[in-house]
Amino acid sequence: MPAAICLVTEELSLGSNSGGIGGAFHEMALALRATGHPVDILYVPISHDANESARLSHYYEDRGIHVIRPDLGQHAWEPSSYEKRSYGIFRHLLGSSQRYDIIHFHDYKGLGFSCLTAKRQRLAFAETCLLVQAHGPTRWTLEANHHPFSHEDQLTIDFMERESIARADVLTAPSRYMIDWLERNGFSLPPPDRVRVIQNISLHLASLLGDSPAAQQSSACNEIILFGRHEDRKGIVPFCDSLDIANEVLTGARVLVTFLGPFGTVNGEASPLYLAHRAHTWQFPLRLLPDLDRLSACRYLAGNPRATVFVPSPFENSPYTVLEAALAGRAVVTSVDGGARELLDPSVVTALTCQIERKALADRLVEAVQTGLPAARLAVSPAETARTWCDLHERIGGTAQGAMRVSSRRPKVVAAITHHERPGKLFDSMMSLATQTYPNLEIVIVDDGSTRPDTLLLLERLGPLMDKLNIRLLRQSNRYLGAARNHAVANTKSDYILFLDDDDIAFPNLVQTLVTAAEATQAAVVNCLNLFMPESRRGQAHPFPERFVQKVSYAPIGGPLSVAPLQNAFGAATALIRRDALATVGGYTEQYGVGHEDFELYARMLQSGLKIEVCPFPLYLYQVDHAGMISSTSSMRNWNRVVNAIKIIEQPAAWRDFISVAAGKRALEHAENFSRYKSNFSPHKDLLAKLVEQPQDTARYAELLADFASATSAPGFAVAARDLAAARAAAQSGSDPTTAAASMDVPARSPVPSAPSDVLTLAALIDLSFGRIAEAIAAFAVSWERGSISIAPAQLRFLRALAISADLLAEQAERLFALLSRPHDMRAEIAEVTAVKFRLALRGGNVAAAANLLDHVTALEEQEYLALNQDVGGAVVGQVVGSGLAHFVRDGMDEGRSGFVAVLDMQDALQIHLGERIPLELMQKRLRQPVANGTTGHERGNGSLHPPRGTRRMPRRGAAKSRSAERSAEH
């Protein structure tokens, strides 16, 4: 029976802001569903977009895959923190009616932490295999970027990622490199038989791209593509350095350099601004494509067989960018280090890998331009990788990994309530312990020096009930909580001791649940979540505190030690503590009038190498909004208690991480201050301020970026930015964003066009030079719709070049003809545009339209010829010659007179189309000549004139021939 599978992910390649994780989970879902597995996707993106959610749901539902968007705020307040996101995912899966055989999590951000913790503690998912995919944890990403930690949240996420990897039933990684990196950096891994290296699936993408055959040795490339997100770890800095070195070679060969990937941050600066600064010396043409989705980007790669792709990350796990470039049939240069080389067939590894430093990359750039590089070939085919994944699911789907063997041992537990002057609340806490489901439990109350008469009276009246429930009352003078808890430890014997404050109320399963987790994990401390109980709602806790309706406010996770000076990530005082572990650290420290004794204890225990687990269930009610220990003591003294417990020599790695956060925060502050300083003193500070205010994904941002590049003497980058602005504007107006974004611009030496329509038209010209006819027409279409009332020279140049292209298909000619036939005031250029339309009509088989156009343009040029040559006009009036055209054919060309340029162009087009000589004066007759079925082309409407097979272009004579040569030179 196929295994039921759930994929839990923050990214999907069809969604926004997706990286390799999104591609991996998208491909995994499709591959597993194709082999018959029921598949759900639990999709938890950072931000919510209703339109995107609907689009994703429709896409996957059509393929039999259910997309679930859980409400993580249902279970926790402020659910944006990753501790609470993980908890919300756990609660959703736990409460779901669907039971899964296998649940996938990515390691990044620790989304599976709570689920994996619950299983490790033998509390949930007994029959489910929890699989973690190692795509690259936060620590690895920071190391690759050469960045320190810069916020304590990163340390918390790092802890969750580490624990997720260690607790996985099955750990997979797409490269051996990543497994080695984890081991070198102190990550605990599952046993070797539960660790698998399997490349990422790409079968669906391969099917969409189709066969992309490529020769062993490609020809010299005409486009260099930097493929990847703009950030430090992607190698954008050494790549730009290599462009500086290879500038002359790239410029001489007119090689286009394309930045294909989302904008980001480089050296603390927005990547578009970074590139604008770098580009002022580059003389080769540039293109910016930050908006393409995964499939569009891959199709772009496949569109130019002479492109070479660069993925210059010094260290990558198993980059989809390399995999996708290989599937597109392109040569791809990547790092000799890291996991990228594992994707490539050994026969091309040497040719396509190098050290990621400026000189080595420049050498590969020059080699690609001058001689070409071999196309990439994959070491493992997409089909074989998919089979390996499916085989793994077949093996693990029918069995429970890490089957739960809950201990039958019932170790003794002492539950101690610390009390001071609150006997009324003491009754609630005492009774909540007296009704615990765990059998081997002793309850003690430590009264920490209560002296008020009413308190003493109530304690006395509680005496008989305590006796009946076998609860002991211990007394001491008022010495504060640390001493009170130590007093309970000294006067009892047990395997474990649990503490509960006198104003808190335990759920009936508190002790049983914590003992189960402690026995399963052998942790020194097992803490748990709680629910905040305002004093005003205390009455709602009776008689069933476990039914109290509240969301989690505080989600401790048990570490890491490195955040101890900044936050308590270990839990509150109500925890099950192994007595021998407590003795190891000497119990609680005793400081009168100072709080945080529990916080300090946990920090010392972790510092001693002991383990803290946090049960991901709320197991008691924690009273808030009243005067308590923390509110009545000095915050400075409380925190100082924790700081004084730190001994750097005992856990130097943790304190090194803490120092990294301090340094990282300072580095960010310095970068921000320096950026403001540069902006304030920049002559372009107004432009920079506008750029900062504008979202990077807008057309306006790209326009401002172009203005900035122009102002800072980077004309090539300005052209690329204006092209991007036009593409974004076209996408927003309803055009196909993929096609619009695929437009291209002129070489950097050309002046920056003043209008987006010019930019797109010149872009279409370069697309045409690469053989991308469809993309060229699409770009021109946007230019035509957005153009001014007068046709631009670039538009006319493009139309001429396209009309004579041998690669233009009939249906493409028809589309362009229809586009040019829409109302558009072309003024003086109308004759030349009509000549282009004539060629398109012939190519599209619309002979009737061609005949009408010939009539129209002949009449226009007849008027111009007679106006320019008044003597000929007189001869026509006097009927010496029949028309200006007749005079031009008989005498005008030999006399060197100019005219009928468009008609000559049409003659040239018709002769090429038919493969025979046709005098100017006989063109209309030839167009109306009967064809195969006995009717004329004009009468047939869309009838076509078919040139004989094997015909060749006929030479022109005299002045007409020289004019044709001039026009060809223009193209």
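Here is a walk through this predicted model, from the whole chain down to single residues. Local features are described where pLDDT is at least 70, and side-chain atom pairs count only at pLDDT 80 or more, while totals for chains, interfaces and linings use all residues. Numbering starts from 1 along each chain as its sequence is written, and side-chain values use heavy atoms, with hydrogens and water left out.

Let's start with the overall picture. The protein chain has 39 helices and 23 strands; these are DSSP runs numbered from the N terminus, with helices being H or I over at least four residues and strands E over at least two. Of its 971 residues, 58% count as buried. Buried here means under 20% relative accessible area, exposed means over 50%, and partly exposed is what falls in between, using a 1.4 Å probe and protein chains only. The chain exposes about 39,500 Å², and carbon and sulfur atoms supply 53% of that; the areas come from the Shrake-Rupley method with a 1.4 Å probe, and for residues only the protein chains shown count as cover. As for contacts (heavy atoms within 4.5 Å), take those in the chain with a separation of 6 or more: residues 24 or more positions apart account for 75% of them.

Now for the holes inside. A cavity is a set of points, on a 1 Å grid over the protein atoms alone, where a 1.4 Å probe fits but cannot get out; lining residues have an atom within 4 Å of a point. Points are joined across faces, edges and corners, and the volume is the space filled by probe spheres set on them. By that rule there are 4 cavities of 30 Å³ or more, and the largest has a volume of about 90 Å³. It is lined by 14 residues, and the closest to its centre are Phe113, Ser114, Pro556, Ile557 and Pro616. Helices α3 (82-95) and α4 (113-120) and strand β23 (612-624) are the elements that give two or more residues to this lining. By type, the lining residues split into 10 nonpolar, 3 polar and 1 charged, where Ala, Val, Leu, Ile, Met, Phe, Trp, Tyr, Cys and Pro count as nonpolar, Asp, Glu, Lys and Arg as charged, and the others, Gly among them, as polar.

Ser114 is a handy place to stop. It sits in helix α4 and counts as buried because its relative accessible area is 5%. Leaving out residues up to four places away in sequence, Ser114 touches Glu83, Ser86, Tyr87, Phe90 and Pro616.

Phe90 leads on to the aromatic pairs. Rings of Phe, Tyr and Trp (its six-membered ring) pair if their centres lie within 6.5 Å; planes under 30 degrees apart count as stacked, over 60 as edge-to-face and the rest as tilted. The whole structure has 17 such pairs. In one of them, Phe90 meets Phe125 edge-to-face, at 6.2 Å centre to centre with 65 degrees between the planes. The two are 35 residues apart, with Phe90 in helix α3 and Phe125 in the loop between α4 and β5 (129-133), so the pair links distant parts of the chain. Both rings belong to buried residues: Phe90 has 0% relative accessibility and Phe125 has 12%. Elsewhere, ring pairs link Phe239, Phe259, Trp282, Phe284 and Phe310 into a cluster.

Another aromatic worth a look is Trp655, in helix α24 (residues 652-681). Trp655 counts as buried because its relative accessibility is 4%. Beyond residues up to four places away in sequence, it touches Leu561, Ser562, Ala564, Pro565, Gln607, Ile646, Lys647 and Ile648. Pro565 is 90 residues from Trp655 along the chain, yet their C-alpha atoms are separated by 9.9 Å.

Finally, some backbone oddities. Most residues other than glycine have a negative phi, and most peptide bonds are trans. Against that background, cis peptide bonds join His542 to Pro543 and Gly559 to Pro560, each with omega of about 0 degrees. Pro543 lies in the loop between β21 (525-534) and β22 (576-578), and Pro560 is also in the loop between β21 and β22. Turning to phi, Asn470 is not a glycine but has a positive value of about 60 degrees. Asn470 lies in the loop between α18 (453-468) and β18 (471-476) and counts as exposed, at 62% relative accessibility. Ser713, again not a glycine, has a positive phi of about 60 degrees. Ser713 is in the loop between α26 (699-711) and α27 (715-732), and is partly exposed, with a relative accessible area of 49%.

Key
On a 1 Å grid over the protein atoms alone, a cavity is a set of points where a 1.4 Å probe fits but cannot get out, and a pocket is an open set with protein on both sides within 12 Å along at least five of seven lines; lining residues have an atom within 4 Å of a point.
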